[in-house]
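Biologist: I would like to learn how to read the packing in this model. Please take me through it feature by feature.

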Amino acid sequence: MAKRHLIALDLDGTLLLKNQEISPRTKTALMKAKEQGHVIAIATGRPYRASKRYYQELQLTTPIINFNGASVHHPLDAHYPRILESIPLAYSKELIKRCETIGVFNMMVEIGDTFFMKKQAGFFAEFLTDGIEPAGTGELHALVKEAPTAILIEPKPEKVNVLHDTLQETGTETTLQRWWKGETRILEIAPRNVTKATALERIANDYGIDQGNVIAFGDEENDYEMIEYAGHGVAMGNAIDEIKAVADYVTETNEKDGIACYLEKVLHL
C-alpha cells in the first residue's frame, strides 16, 4: 500500500441503508480497506450507545466520533484521551424551556454517557436508546442538573418552522444548531467549538495521517465541515445540495453502495 488513508464514515444516510443495516458490498469493501492497513473511524451525531453495534460489526479498533465531534473516545483503549464538550447549563435550561413553550413532541438531553427524555416514545426511543432506560423522563428543565453534551429536539410537525425561526438566532455564539432532514425532522444542538472536522483532525494527527489522505463520506448538514476538511470529501448521491457543492466527489447513494463504489476505485480493492 502506497499511502495509508483515514476513512471517516457518517452513519445515517451514508453507511446505513434505510433499514439501519450495512450492505454486504459496503461491509466487504471496508473490511478489505482495513486489511490493507487503512484506518476507519465512525463520525456520527448519534451517541455511542446507538452506534456501538456498527463499530463492533466492522470490528473497528479506532476512536469513535459521537455527537458531531463533542465526544471522541476509544472504546478499546481506556488510556486514549477523551474529548467531551458541553453546552453551558444555564443556556441549556433556557433553551429547553423555550422549546417546551413552543411545543415539541419529544426532547432528549445527553450528558456524557447518560441521557434524559421528555417521554420514552417515538424516534428517540426506537433508534437512539439501544434499549437503555433514560436517567429520567418528564420536565427536562427541572431534571437536567449538569451541562449537556447535546440536546436533540423533535418538534411537532406543525411546529417545525416556528421552532426553526425562533431558535435560528438564539445562542449561536455558544451552540451549533443543525437539522436532521430525514423522514423525522430533528434539531440537534451541540457545543459551538466542535464539529466532526475538529474531531477527525485530532484522530488524523494521532495516527500520523496527512489531511490529504483523509477520506470522509457524508450526506447531511452536520457533515459539512468534515467533507470540507478531508482531502477526499465524498458526498453521497442522496446528500443535500450544500454537501455536494463542497465535496470533491459525489458517489452513488447509500442505497446503491456509494461508499463501496468510491473505495473500490480509489483504493483498488
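Modeller: Keep in mind that this is a predicted model. Start with a helix pair. Helix 2 and helix 11 cross in the left-handed sense. Their axes come within 8 Å and cross at roughly 35°.

Biologist: Which residues of helix 2 and helix 11 meet?

Modeller: From helix 2 come Arg25, Thr26, Ala29 and Leu30. They meet Ile259, Ala260, Cys261, Leu263 and Glu264 of helix 11. Sorted by class, this contact holds 6 nonpolar, 1 polar and 2 charged residues.

Biologist: How should I read the spacing of contacts along a helix?

Modeller: An α-helix has 3.6 residues a turn, so residues three or four places apart point the same way. In helix 2, look at Arg25 and Ala29, both in the contact with helix 11.

Biologist: What else does helix 11 lie across?

Modeller: Helix 11, residues 258–266, lies across strand 1, strand 12, strand 13 and strand 14. The helix runs at about 160° to strand 12.

Biologist: In what order do the strands of that sheet come?

Modeller: Read the order across the sheet, not along the chain. Here it is 2-1-12-13-14, an open sheet of 5 strands with parallel pairing. The edges are strand 2 (39–42) and strand 14 (249–250), each pairing on one side only.

Biologist: How many bridges join the strands, and which residues are partners?

Modeller: Strand 1 and strand 2 are parallel, with 4 bridges. Ile7 has Ile40 of strand 2 as its bridge partner. Strand 1 also runs parallel to strand 12, again over 4 bridges. There, Leu6 is partnered by Val214. Strand 12 pairs with strand 13 in the parallel sense over 4 bridges. Ala216 stands opposite Gly233 of strand 13.

Biologist: Is strand 12 covered on one face or on both faces?

Modeller: Check burial on each side. On one side of strand 12, Val214, Ala216 and Gly218 are buried; on the other, Ile215 and Phe217 are buried. Both faces are therefore covered, taking buried as under 20% relative accessible area. In count, 5 of its 5 residues are buried.

Biologist: Take one residue of strand 13. What is His232 in contact with, beyond its neighbours in sequence?

Modeller: His232 sits in strand 13. Setting aside neighbours within four places in sequence, His232 touches His5, Gly212, Val214, Ile215, Ala216, Asp248, Tyr262 and Val266. For a distance across the model, take His232 and Ala142: they are 90 residues apart in sequence and 45 Å apart in space, C-alpha to C-alpha.

Biologist: Now the antiparallel case. Which strands stand at the edges of the sheet 3-4-5?

Modeller: This open sheet has 3 strands in the order 3-4-5, with antiparallel pairing. Strand 3 (64–66) and strand 5 (83–84) are at the edges; each has a single partner strand, so one side of each lacks a neighbour in the sheet. Strand 3 and strand 4 pair over 3 bridges. Asn66 has Ser71 of strand 4 as its bridge partner. Helix 8 (residues 196–206) packs on this sheet and touches strand 3, strand 4 and strand 5. Its direction makes about 165° with that of strand 3.

Biologist: How do I check the length of a helix?

Modeller: Compare the expected span with the end-to-end distance. At 1.5 Å a residue, the 14 residues of helix 4 should span 20 Å; its end C-alpha atoms are 20 Å apart, which agrees. After helix 4 comes Gly103, with a positive phi near 110°.

Biologist: Which residues of helix 4 are buried?

Modeller: They are Tyr91, Ser92, Leu95, Ile96, Cys99, Glu100 and Ile102. Two of these, Cys99 and Ile102, join Arg98 in meeting Val162, Leu163, Thr166 and Leu167 of helix 7. That contact divides into 5 nonpolar, 1 polar and 1 charged residues.

Biologist: What is the handedness of the helix 4 and helix 7 crossing?

Modeller: The crossing is right-handed. The axes come within 10 Å and cross at roughly 150°.

Biologist: Helix 7 also holds Asn161. Is Asn161 buried or exposed?

Modeller: Exposure needs over 50% relative accessible area. Asn161 has 59%, so Asn161 is exposed.

Notes: Residues are numbered from 1 along each chain as its sequence is written. This is a predicted model: local features need pLDDT of at least 70, side-chain atom pairs count only at pLDDT 80 or more; totals for chains, interfaces and linings use all residues. Side-chain values use heavy atoms; hydrogens and water are left out. Two strands pair if DSSP finds at least two bridges between them. Helices (H or I, at least four residues) and strands (E, at least two) are DSSP runs, numbered from the N terminus. Contact means heavy atoms within 4.5 Å. Axes are lines fitted to C-alpha atoms, for helices over the stretch in contact, and angles run from 0 to 180 degrees between N-to-C directions. The expected span of a helix is 1.5 Å times one less than its number of residues. Buried means under 20% relative accessible area, exposed over 50%, partly exposed in between (1.4 Å probe, protein chains only). A crossing is left-handed if the near helix is turned anticlockwise from the far one by less than a right angle, and right-handed if clockwise. Ala, Val, Leu, Ile, Met, Phe, Trp, Tyr, Cys and Pro count as nonpolar, Asp, Glu, Lys and Arg as charged, and the others, Gly among them, as polar.
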